[in-house]
2 protein chains.
Amino acid sequence: MTYCVALKLKDGLVFASDTRTNAGVDQIASFRKMRIFNRSGDRTIVMLSSGNLSTTQNAVNLLEKEARNPDIPNMWNVDSLFEVAQLLGNSLRTIKKVDGVYLAQNNIDAGANFILGGQIRGEPMRLFLIYSEGNFIEAMDETPYFQIGETKYGKPIIDRVINQGTSLGEALKCVLVSFDSTMRSNLSVGLPIDVACYNNQSLNLAETYQIKEGDPCFRSISRGWGEGLRQVFSSLPDPEWTGISEL
Amino acid sequence: MTYCVALKLKDGLVFASDTRTNAGVDQIASFRKMRIFNRSGDRTIVMLSSGNLSTTQNAVNLLEKEARNPDIPNMWNVDSLFEVAQLLGNSLRTIKKVDGVYLAQNNIDAGANFILGGQIRGEPMRLFLIYSEGNFIEAMDETPYFQIGETKYGKPIIDRVINQGTSLGEALKCVLVSFDSTMRSNLSVGLPIDVACYNNQSLNLAETYQIKEGDPCFRSISRGWGEGLRQVFSSLPDPEWTGISEL
């Protein structure tokens with residue numbers, strides 16, 4: 001299983017993805033699900049992926065292969081992230097068309113999703129969610145984030161604290177709490193977590209980091225959150241209306 | 001959509017279910033998803049249901065019809081809740097067999113799940129989860145609860161605070177927080193919520209209650225939880241390791 005999340009805020013973009021891949025409980029491995037394409041001063045493109053690993057890897061492989069041909073539209077020469085989303089969607093469709101029929105013979109799902117975000121010179125920052133069918137949607141101000149993979153456990157905290165004006169530091173903290181909740185409830189989402197932060201208009205990736213097992217910052221956030229939740233829970237009023245105190 | 005949860009603790013059982021049913025966004029109605037069969041001093045049986053409403057209603061209708069015949073095993077004369085689970089599973093299979101083929105013609109899922117819990121004289125309390133196929137599992141001490149329907153948003157808080165020794169009052173509070181999280185993230189789960197509490201060995205249902213829109217206790221728990229979460233979040237350490245403070 002996978003969990004990836006990306007946020008588009010006034011100040012910039014935050015991306016995070018876990019690295020655990022499994023094909024059955026006895027075959028668990030780590031693969032990066034975050035790809036970064038950065039040309040300082042021109043464009044920063046980040047892709048997060050979930051779903052069938054061979055589909056996602058080869059959709060990106062195909063995209064990179066095409067990007068070596070300057071005579072066709074590719075992710076290094078198009079003028080907008082919308083066109084990169086089209087290219088990635090088409091690449092995903094091509095791979096699924098080639099491999100899907102063989103996978104279907106063994107009831108293996110070739111499905112895959114991408115989150116694509118970043119900035120190309122001349123454009124504002126943009127963030128897209130690419131569906132398994134190759135079509136896609138774009139994040140708007142009202143819903144400034146996308147998740148893929150095991151999305152539900154980590155969604156409530158994002159809904160509670162994130163809005164357009166949230167600082168990148170707060171947003172990163174929120175993303176880590178969101179991962180903590182997800183990993184507690186789904187063992188197949190796990191460390192390390194890849195994190196990338198992009199500053200609006202910088203056209204260069206500010207920070208990337210991999211949070212490994214035992215990372216002191218992540219541990220202190222995880223412990224602080226767990227203890228805090230239990231304290232808040234204890235301090236909530238008892239449900240008096242049932243006369244439950246007499247039970 | 002539906003959310004139902006039941007907990008089996010040392011002190012007793014707690015059941016809760018929402019009442020919202022929808023068949024498309026323009027056809028939303030309230031139906032009770034909790035049925036109580038209580039004969040003081042002999043047995044208390046509670047059923048929660050999710051899935052296709054006609055399937056769940058008619059599976060219970062069939063069970064009740066059979067219960068009027070004292071010459072066959074039925075939920076009022078069998079000696080254990082295990083047998084009631086068998087009866088309910090069989091009833092579910094019968095209804096799905098009759099109706100399923102017609103529903104399938106219109107791509108309508110006839111699937112349904114039940115949580116079945118309670119106590120029959122001579123037995124300890126028991127709690128079962130009945131799958132859509134009619135088979136079932138029983139809650140053990142290690143995992144003292146079951147959920148059906150929209151289960152993920154409300155699961156983390158249960159995992160964090162519930163264990164065998166949790167009091168019924170705390171458990172009920174936890175269930176309400178779990179509902180609050182679920183309703184915030186899935187609009188198709190909604191008030192009113194039916195709640196029932198059973199005291200171990202009482203062989204009589206202690207408390208039932210319906211939490212309606214504007215219930216002051218639920219509102220204060222909901223508000224306290226939301227504000228508390230944001231406070232805990234603010235108090236968490238900033239993720240210093242990325243140098244994010246300089247962004």
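In chain A, helices α1 and α2 are oblique to each other, since their angle falls in none of the classes parallel, antiparallel or perpendicular, and oblique is therefore the word for the pair. The model is a predicted one, and this tour starts at that helix pair, goes on to the sheets and ends where the two chains meet.

**Stop 1: the helix pair in chain A**

Select α1(A) and α2(A). Their axes come within 8 Å and cross at roughly 125 degrees. The crossing of α1(A) and α2(A) is right-handed. Now show side chains. From α1(A), the residues in the contact are S54(A), T55(A), N58(A), A59(A), L62(A) and L63(A). They meet L87(A), L88(A), S91(A), L92(A), T94(A), I95(A), K96(A) and D99(A) of α2(A). Coloured by class, the contact of α1(A) with α2(A) shows 7 nonpolar, 5 polar and 2 charged residues.

**Stop 2: the sheet of chain A**

Keep the two helices on screen and add the strands β5 to β9 of chain A. What is the order of the 5 strands in this open sheet? It is β5-β6-β7-β8-β9, with antiparallel pairing. Strands β5 (34-39) and β9 (136-138) of chain A stand at the edges; each has a single partner strand, so one side of each is left without a neighbour in the sheet. Neighbouring strands are turned by 15 degrees against each other on average, ignoring direction.

Zoom in on one edge. β5(A) pairs with β6(A), residues 43-51, in the antiparallel sense over 6 bridges. Select M34(A): opposite this residue, in β6(A), is L48(A).

Next, look at how the helices sit on the strands. Helix α1(A), residues 53-66, lies across β5, β6 and β7 (112-120) of chain A, and runs at about 155 degrees to β6(A). Helix α2(A), residues 81-105, also packs on the sheet, where it touches β6, β7, β8 (126-130) and β9 of chain A. The direction of α2(A) makes about 155 degrees with that of β7(A).

**Stop 3: the sheet of chain B**

Move to chain B and select β5 to β9. These 5 strands form an open sheet in the order β5-β6-β7-β8-β9, paired antiparallel. The edge strands, β5 and β9 (136-138) of chain B, each pair on one side only. From one strand to the next, the twist averages 15 degrees.

Select β5(B), residues 34-39, together with β6(B), residues 43-51. The two run antiparallel and are joined by 6 bridges. Which residue in β6(B) is the bridge partner of F37(B)? The partner of F37(B) is I45(B). In the same way, M34(B) stands opposite L48(B). Then select the turn: β5(B) and β6(B) form a hairpin with 3 residues between them, and G41(B) in this turn has a positive phi of about 85 degrees.

Add the helices of chain B. α2(B), residues 81-105, lies across β6, β7, β8 (126-130) and β9 of chain B and runs at about 155 degrees to β7(B).

**Stop 4: the two-fold axis**

Show both chains. A turn of 180 degrees, with a shift of 0.0 Å along the axis, lays chain B on chain A with an RMSD of 0.0 Å. That is the relation of a two-fold axis. To find the axis from chain B, select Y153(B): its C-alpha is the nearest to the axis in that chain, at 2.7 Å. Both copies use the same surface, as 100% of the contact residues of chain B recur in chain A.

**Stop 5: the contact between the chains**

Select the residues where the chains touch. There are 44 from chain B and 44 from chain A. On the chain B side, the elements giving two or more residues are α3 (155-161), α4 (168-185), β11 (193-199), β12 (205-211) and α5 of chain B. Which element gives the largest share of this side? That is α5(B), with 12 residues. By class, the chain B side has 22 nonpolar, 12 polar and 10 charged residues.

**Stop 6: α5 against α5**

Finish with helix α5, residues 216-235, in chain A and in chain B. The two helices pack at an angle of about 150 degrees, with their axes 9 Å apart. That makes α5(A) roughly antiparallel to α5(B). Their crossing is right-handed. On the chain A side, select W225(A), G228(A), L229(A), V232(A) and S235(A), which meet W225(B), G228(B), L229(B), V232(B) and S235(B). The residues of this contact divide into 6 nonpolar, 4 polar and no charged.

Key:
Residues are numbered from 1 along each chain as its sequence is written. Chains are lettered from A and ligands numbered from 1 in the order in which they are written. This is a predicted model: local features need pLDDT of at least 70, side-chain atom pairs count only at pLDDT 80 or more; totals for chains, interfaces and linings use all residues. Axes are lines fitted to C-alpha atoms, for helices over the stretch in contact, and angles run from 0 to 180 degrees between N-to-C directions. Helices (H or I, at least four residues) and strands (E, at least two) are DSSP runs, numbered from the N terminus. Angles under 35 degrees count as roughly parallel, over 145 as roughly antiparallel, 65 to 115 as roughly perpendicular and the rest as oblique. A crossing is left-handed if the near helix is turned anticlockwise from the far one by less than a right angle, and right-handed if clockwise. Two residues are in contact if their C-beta atoms, placed from the backbone, lie within 7 Å. Ala, Val, Leu, Ile, Met, Phe, Trp, Tyr, Cys and Pro count as nonpolar, Asp, Glu, Lys and Arg as charged, and the others, Gly among them, as polar. Two strands pair if DSSP finds at least two bridges between them. Copies are superposed by least squares on the C-alpha atoms of residues with pLDDT of at least 70 in both.
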